[in-house]
Amino acid sequence: MGQIIRISCKKCESVWEVKTGMGMDHAFLENCLDDFDASEKDQIKSSLSQKEFPHFTFMYSAAVCNNCKKIISIAELEDLDISKKYTAACPDCGMSDVNIIDSNIGSCKCPKCGHYKLSSEISGLWD
């Protein structure tokens with residue numbers, strides 16, 4: 001089960017809600033590919049679909065899009081057999097210039113105003 005995290009900046013009062021983690025449907029490879037562009041989907045499929053039991057992890061992480069200056073949910077998939085990680089592009093602008101901030105939200109600066117120390121709280125669950 002995934003979490004919905006509310007991330008906010010006290011200085012500019014910007015608020016973002018992002019989903020993190022994974023849902024039960026993400027145990028199947030075909031359900032993990034929607035967030036990736038066509039070339040990444042092809043790479044992932046060619047690497048993992050040849051195996052009877054694909055060995056991968058998938059999750060959504062909180063990230064900053066450096067292009068559109070938003071905090072977003074970003075899909076990440078890792079092929080564990082070859083240690084290759086795929087990170088989807090920003091779902092809003094389509095650019096790949098994103099920084100994962102999941103584990104260090106408190107030390108991340110606000111993408112809108114540059115103020116440090118964003119705050120976060122769990123606002124819900126999803127599956």
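**Close-up views of a predicted model**

**View 1. V64 faces a partner across the strands.** V64 stands opposite I71 in β4. As with everything in these views, the positions come from a predicted model. Strand β3, covering residues 56-65, runs antiparallel to β4, covering residues 70-79, and 10 bridges join the two.

**View 2. Four strands make an open sheet.** Step back a little and you can follow the order β5-β4-β3-β6, with 4 strands paired in antiparallel fashion. The edges belong to β5 (84-87) and β6 (98-100); each has a single partner strand, so one side of each is left without a neighbour in the sheet. From one strand to the next, the twist averages 40°. Helix α1 (residues 38-48) packs on this sheet and touches β3, β4 and β5. The helix direction makes about 150° with that of β5.

**View 3. I105 sits in a loop, but is it buried or exposed?** Look for I105 in the loop between β6 and β7 (119-126). I105 is buried, because its relative accessible area is 7%, and buried means under 20%. Setting aside neighbours within four places in sequence, I105 is in contact with I7, A62, L118 and S120. Take I7: it lies 98 residues from I105 along the chain, yet the two C-alpha atoms are separated by 8.1 Å.

**View 4. A nonpolar patch shows on the surface.** Here M1, I122 and L125 come together as a nonpolar surface patch, with about 360 Å² of accessible area together. M1 belongs to the segment before β1 (2-8). With a relative accessible area of 64%, M1 is exposed.

Technical notes
Residues numbered from 1 in each chain as written. Predicted model: local features only at pLDDT ≥ 70, side-chain atom pairs only at ≥ 80, totals over all residues. Heavy atoms only, no water. Patch = residues over 30% accessible without salt bridge, like charges linked within 9 Å, V, L, I, M, F, W, Y side chains within 5 Å. Areas by Shrake-Rupley, 256 points an atom, 1.4 Å probe, with all protein chains shown as cover. Salt bridge = Lys/Arg side-chain N within 4 Å of Asp/Glu carboxyl O. Buried < 20%, exposed > 50% of the residue type's maximum accessible area, 1.4 Å probe, protein only. Pairing = 2+ DSSP bridges. Axes fitted to C-alpha atoms, helices over the stretch in contact; angles between N-to-C directions. Contact = heavy atoms within 4.5 Å.
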